[in-house]
Structures are given as structure tokens and as C-alpha cells.
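Here is a colleague's note for the bench, to be read with the structure open alongside. The points take up internal cavities and the packing of helices.

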Amino acid sequence: MIGQGQGTTVPIDGRPRPRTGLAGIDIGGTKIAALVVGEDGSVVARGSVPAPAALGGAAMADAAAGLVRALADEAGVPLAAAGVGAAGVIDHETGTVRAASATFVGWAGFPLADELGRRLGVPVSVENDVNAFLLGEAAALSRTERDVLGVMLGTGVGGAVIIDGALHHGPHGAAGEIGHTPGYSELVCTCGQTGHLETLASGTSIALRYRERTGGEAADARAVAALARGGDADALAVFAAAGRAVALASASAATLLDLPTVIVGGGVASAWDLLEPAIQATLRTDSPVSGIPLRIVPAQLGSDAVALGAIETARRALAPAPPL
């Protein structure tokens, strides 16, 4: 039934229907996922569609907008705004994709915020997906971190930084890109340079390092994790090297920026039981010089983190500017 007065209270799974909603969109190379939340932050609809990354930016925007419209209709909630966490280098002020991998055809230079906004009829804010991940995690479950590093261990290694409660983008939008900091190995990185954190800590590298050590087969980091949990010494060594590298990189960032907390997410973080022993051992010998303990903790939101962080960008964009 429809409520009276201030309410709009047709139940959704026993909950009142929100008056307005915010959409969060996670755009990757293979999948576009989205959430719609009500005023209290509760999720009222979620879904995903394949990402038509080979068909160009317009096709990606069409797919994302179609998904969000379907979710908003399903929940019966009019949208006030939408946020996006997108793969690639993003100009967060204009919402344009500045650069992207070859997986994405016609993505670099695509005005994503404008094109999605035109399709949805609401304001759209766009962030890099790792930035969105960190915003979502830092805001999750009443976390109060105002200075935090985010590290995403996936196919590659990404990073983001929140300082004094706000994302720090840097003058070129590249702040926090810890995956391509040097000094962790003598191995060639995917970018062509040598020794980057990504050569040890990405899912791709974990599988490659195991194959190099053993000559055996390991399709991906998940397979190496299964071997490690079964007692395979080489698999355990590969995860130990990854954990140590993550801890060293985190300690360096924490020392430079006085960051007390690091949140580690991405698919590789699902093997936290294999990463954490080396992380903690490294922090005992290579902690920040401040003497303040550095917390390196796993992400909590799983696959929802980017979409929830994108919603946070939309919420912040709608908030009134503070008085001068």
C-alpha cells in the first residue's frame, strides 16, 4: 500500500520504499555491475550485465544506463544521482576517461559522465575504480579512517589514497598508484619497467612466479592458493613474497604520508590467510619510523566495494558546498 504524508511506503522485501535512490556502477572489462540504494544506504536492487568493451564507449554507456534504469524500475525508486567506478585513468573533474588498456575499444577520451548523465537524466560522478573501492571500504561499517591507503590486488595492482577524509588525486590523477613503484624484484613488469610491486603481488604474477619456480601448471592465483593450503612449499613461498612486498610498499607509503591504515582488496586478498603471515612478519622488522603501528587489513565489502564507493562519490557531489 502507498503511505500518507511524508512517506512513500510500498514495501520492498518488508522494507519501506525510499523516496529517492542513488545508483553505483562498477564498469570493468568483462562485466558492468550496479547497485541502487535508498536514503539510508540500504541496497534495494542489484544486478550485472556483460560489458561490451570491444564495441566502444557508447555501447558501454548504453549497457550501464540500461542496467541502472532496470534496477531503479525494479525497486520503484526515482534516482537522484549516479556514481561510477570505471577502469582506466579518469579525469574526475570532467568524468572523462583519459586512458585505458587495449581491452577497451574507444574508451580513452570518452566523456563518460556526460554520456551517462544524458542517458539517465541525473547528475553522474565518475572515479577510477580503485579510488571508488577505497571510498566504499573507508565508509563501510562505520569505519572512521580519514587517512588510509587502498591496495587492489587483482590482475594488476592498483592503489588509492584518502587524506583528511578526501581522495587525493594528485596533479595528474595518478596519486596512490603503488603497483608501479620499483624496487621489489629484478623481474620485468607488465608496463615494461623492472621490479615493480606488481611483479610479485598481482594475481597474474603469483601464477607466473609459481610456474617459473616449478615448471608446473597453475592457471591463476586461486589455483596457487589451493596448492599453498595443501602444503605446497613453492606456492607458500610465492604468497610469502607477495605478502612481504605488499607490506614493504605499504610501510613506505605510510612513512611518507603518515597513514595509519592500509586496506587490501581485490581477488588476491581472498587468500588473506596466505598473505597475512608475511605481512605481519615484515611489519615487525620494517615498520614506519614514527613508531605508530601500521594496520594492514583485508577489505570487507567484496564485489560490492567499487559500486558502493561510486555511490559515495555521487553522495558527496550532491552535498552542499561548505561555507567559505
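The numbered points below go through the cavities and then the helix pairs.

1. Please keep in mind throughout that this is a predicted model, and that every value in this note is computed from that model. The count of cavities of 30 Å³ or more comes to 2.

2. The largest cavity has a volume of about 50 Å³, and the residues that line the largest cavity are N128, N131, G159, H168, H169, G173, A174, A175 and E177. Sorted by class, this lining holds 6 polar residues, 2 nonpolar residues and 1 charged residue.

3. For the second largest cavity the volume is about 40 Å³, and the lining is made up of I90, H92, E127, N128, N131, H169 and G173. Here the classes are 5 polar, 1 nonpolar and 1 charged. When the two linings are read side by side, N128, N131, H169 and G173 appear in the lining of the largest cavity and also in that of the second largest cavity.

4. Turning to the helices, a general remark may help: two packed helices are described by the angle between their axes and by the distance between those axes.

5. Helix 3 (residues 129-139) packs with helix 9 (residues 305-318) at an angle of about 85 degrees, and their axes are 6 Å apart. Since angles of 65 to 115 degrees count as roughly perpendicular, helix 3 and helix 9 are therefore roughly perpendicular to each other. On the side of helix 3 the contact is formed by D129, A132, F133, L135, G136, E137 and A139, which meet A305, V306, L308, G309, A310, E312, T313 and R316 in helix 9. By class, the residues of this contact divide into 8 nonpolar, 4 charged and 3 polar.

6. Helix 5 (residues 203-214) and helix 6 (residues 221-229) have axes that come within 8 Å and cross at roughly 55 degrees, and the two helices are therefore oblique to each other. The crossing in which helix 5 passes helix 6 is left-handed. Where they touch, G203, I206, A207 and Y210 in helix 5 meet A221, V224 and L227 in helix 6, and this contact has 6 nonpolar residues, 1 polar residue and no charged residues.

7. Helix 5 also packs with helix 7 (residues 233-257), at an angle of about 135 degrees and with the axes 9 Å apart, and helix 5 and helix 7 are therefore oblique to each other. Their crossing is right-handed. The helix 5 residues I206, R209, Y210, R213 and T214 meet D234, A235, A237, V238, F239 and A242 in helix 7; by class, that contact has 7 nonpolar, 3 charged and 1 polar residues.

8. Which residues of helix 5 meet helix 6, and which meet helix 7? I206 and Y210 are among those that meet helix 6, and I206 and Y210 are also among those that meet helix 7, whereas G203 and A207 are listed for the contact with helix 6 and R209, R213 and T214 for the contact with helix 7.

Terms used:
Residues numbered from 1 in each chain as written. Predicted model: local features only at pLDDT ≥ 70, side-chain atom pairs only at ≥ 80, totals over all residues. Heavy atoms only, no water. 1 Å grid on protein atoms, 1.4 Å probe; cavity = no way out; pocket = protein on both sides within 12 Å on 5 of 7 lines; lining within 4 Å. Points joined across faces, edges and corners; volume = space filled by probe spheres on them. Nonpolar A, V, L, I, M, F, W, Y, C, P; charged D, E, K, R; others polar. Axes fitted to C-alpha atoms, helices over the stretch in contact; angles between N-to-C directions. Helix = DSSP H or I, 4+ residues; strand = E, 2+ residues; numbered from the N terminus. Parallel < 35°, antiparallel > 145°, perpendicular 65-115°, else oblique. Left-handed = near helix turned anticlockwise from the far one by under 90°. Contact = heavy atoms within 4.5 Å.
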